[in-house]
Amino acid sequence: MLESGVNANPGNASGSGPLLKVSNVRKYFPIASRIPLAPTRGDIRAVDGVSLQLKQGQTLCIVGESGCGKSTLGRLVLGLERLTAGEITLNGQLLPLASKRSREMRVEAVLQDPWSSLNPRRRLQKIIGEPLVVAGYSRSQVDARVQELLEFVGLDPATRRNFPHEFSGGQRQRIAIARALATKPRVIVLDEPVSALDVSIRAQIINLLRDIQQDLGSAYLMIAHDLATVRYLSHRVAVMYLGVIMEEGPSQTVFSEPLHPYTQALLSASLPLRPGVGTKRIRLGGEVPSPSNPPSGCRFRTRCPRAFSRCAEEVPVERVYDGDHRVSCHLFE
């Protein structure tokens, strides 16, 4: 069995304190003026005051329509974008981590497209082993670890001399997972990890991710559109719309008892778990507003079938139900 390399800490077990904490995070992208040297013309508010927590051994899935800010939030956690405001902590330490601690407390990623996320000019030994070289492992340690990782994700260790083009899409995603596991990360960001794969291969990768979590205690921050995958893998679900969280809670509760009208509309549009068993489709009118000029009050009000006057005047206050089910909607005040 592959060792996780995670220093066991009872305080970070799934039933206690958070491993990853996102606190009032904002990311604004300035809109450049068409006139050279002129001031910017406002900001695109991709993420606008998001707070979330992820515990060790858990999967937190971020769902929502394209453009809602899910991927930007993932890039902020990975340190690929700078925060405009707020803070992100990993095991109590502010991200990005100092280099001396990054070897033990690292955030890694598995990206959507296994065809473009691997360097076609490098062999697997180099692709998987490079993070280990950077982390200071010796050559013999790197070689042993690469073979161990390939075997763990279901690939023949002898293939470490091969190039990515010699593998299928599902095998490539296994390679990407092995690379993400190389430095024994505390958190793995999964950005649509199965959406680019054939349907026949998706179940294999999903089951692999679940087995890895059970064996190593990994924490996943997952970004996804496929609600069936979300329901199968997630412990908690956060529903995002136009840069803010509409609803967040245990996945079983959110799927069985959605509170926010937007969550209800998303779930009504998904395929039923069993043929012939489904909910009435909720059709939303209008278009998603521009993130550079979001609506006043509740951001969903321009498309909400249950909106009333107060929705345009006041930003909803987050309410907590049953201890850990959160919703931001005036209907529940």
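This report describes the predicted model of a single chain, from its overall make-up to some of its cysteines, cavities, helices and loops.

## Overall make-up

The chain has 333 residues, of which 45% count as buried, and its secondary structure comes to 10 helices and 12 strands. Among the contacts in the chain with a separation of 6 or more, 64% are between residues that lie 24 or more positions apart. The accessible surface of the chain is about 16,700 Å², and carbon and sulfur atoms contribute 49% of that surface.

## Cysteines without disulfides

Zero disulfides are found in a search of the whole structure. C311 is in no disulfide, and the nearest cysteine sulfur, which belongs to C298, is 5.9 Å away; since a disulfide is counted here as a pair of cysteine sulfur atoms within 2.5 Å, that separation of 5.9 Å does not qualify. C329 is likewise in no disulfide, with the sulfur of C304 as the nearest cysteine sulfur at 6.3 Å.

Both of these residues are withdrawn from solvent by the criterion used, under which buried means under 20% relative accessible area. C311 counts as buried because its relative accessibility is 9%, and C329 counts as buried because its relative accessibility is 8%.

## Cavities

The whole structure holds five cavities of 30 Å³ or more, and the largest cavity has a volume of about 80 Å³. This largest cavity is lined by 14 residues, and those closest to its centre are C298, C304, A307, C311 and C329. The cysteines C311 and C298, discussed above as a pair of nearest sulfurs, are thus both part of this lining, as are C329 and C304. By type, the lining divides into 10 nonpolar, two polar and two charged residues.

## Two helices and a strand

Helix α9 (residues 261–268) is largely enclosed by the rest of the structure, because six of its eight residues are buried. Those buried residues are P261, Y262, T263, A265, L267 and S268, and what covers them includes the helices α7 (227–233) and α8 (251–256) together with the strands β9 (236–241) and β10 (244–250).

In helix α1 (residues 70–78), the buried residues are K70, T72, L73, G74, L76 and V77. This helix is followed by G79, which has a positive phi near 80°. Strand β4 (residues 85–90) contains T89, which is buried at a relative accessible area of 13%. Leaving aside residues up to four places away in sequence, T89 touches L19, L20, K21, L94 and L95.

## Positive phi outside glycine

Two loop residues have a positive phi although neither is a glycine: E192, at about 50°, and D322, at about 55°. E192 is in the loop between β7 (187–191) and α6 (199–216), whereas D322 is in the loop between β11 (318–321) and β12 (325–328).

Their surroundings can be set side by side through accessibility. E192 is buried, with a relative accessible area of 8%, while D322 is exposed, with a relative accessible area of 71%.

Terms used
Residues are numbered from 1 along each chain as its sequence is written. This is a predicted model: local features need pLDDT of at least 70, side-chain atom pairs count only at pLDDT 80 or more; totals for chains, interfaces and linings use all residues. Side-chain values use heavy atoms; hydrogens and water are left out. Helices (H or I, at least four residues) and strands (E, at least two) are DSSP runs, numbered from the N terminus. Buried means under 20% relative accessible area, exposed over 50%, partly exposed in between (1.4 Å probe, protein chains only). Contact means heavy atoms within 4.5 Å. Accessible areas come from the Shrake-Rupley method with a 1.4 Å probe; for residues, only the protein chains shown count as cover. On a 1 Å grid over the protein atoms alone, a cavity is a set of points where a 1.4 Å probe fits but cannot get out, and a pocket is an open set with protein on both sides within 12 Å along at least five of seven lines; lining residues have an atom within 4 Å of a point. Grid points are joined across faces, edges and corners, and a volume is the space filled by probe spheres set on the points. Ala, Val, Leu, Ile, Met, Phe, Trp, Tyr, Cys and Pro count as nonpolar, Asp, Glu, Lys and Arg as charged, and the others, Gly among them, as polar.
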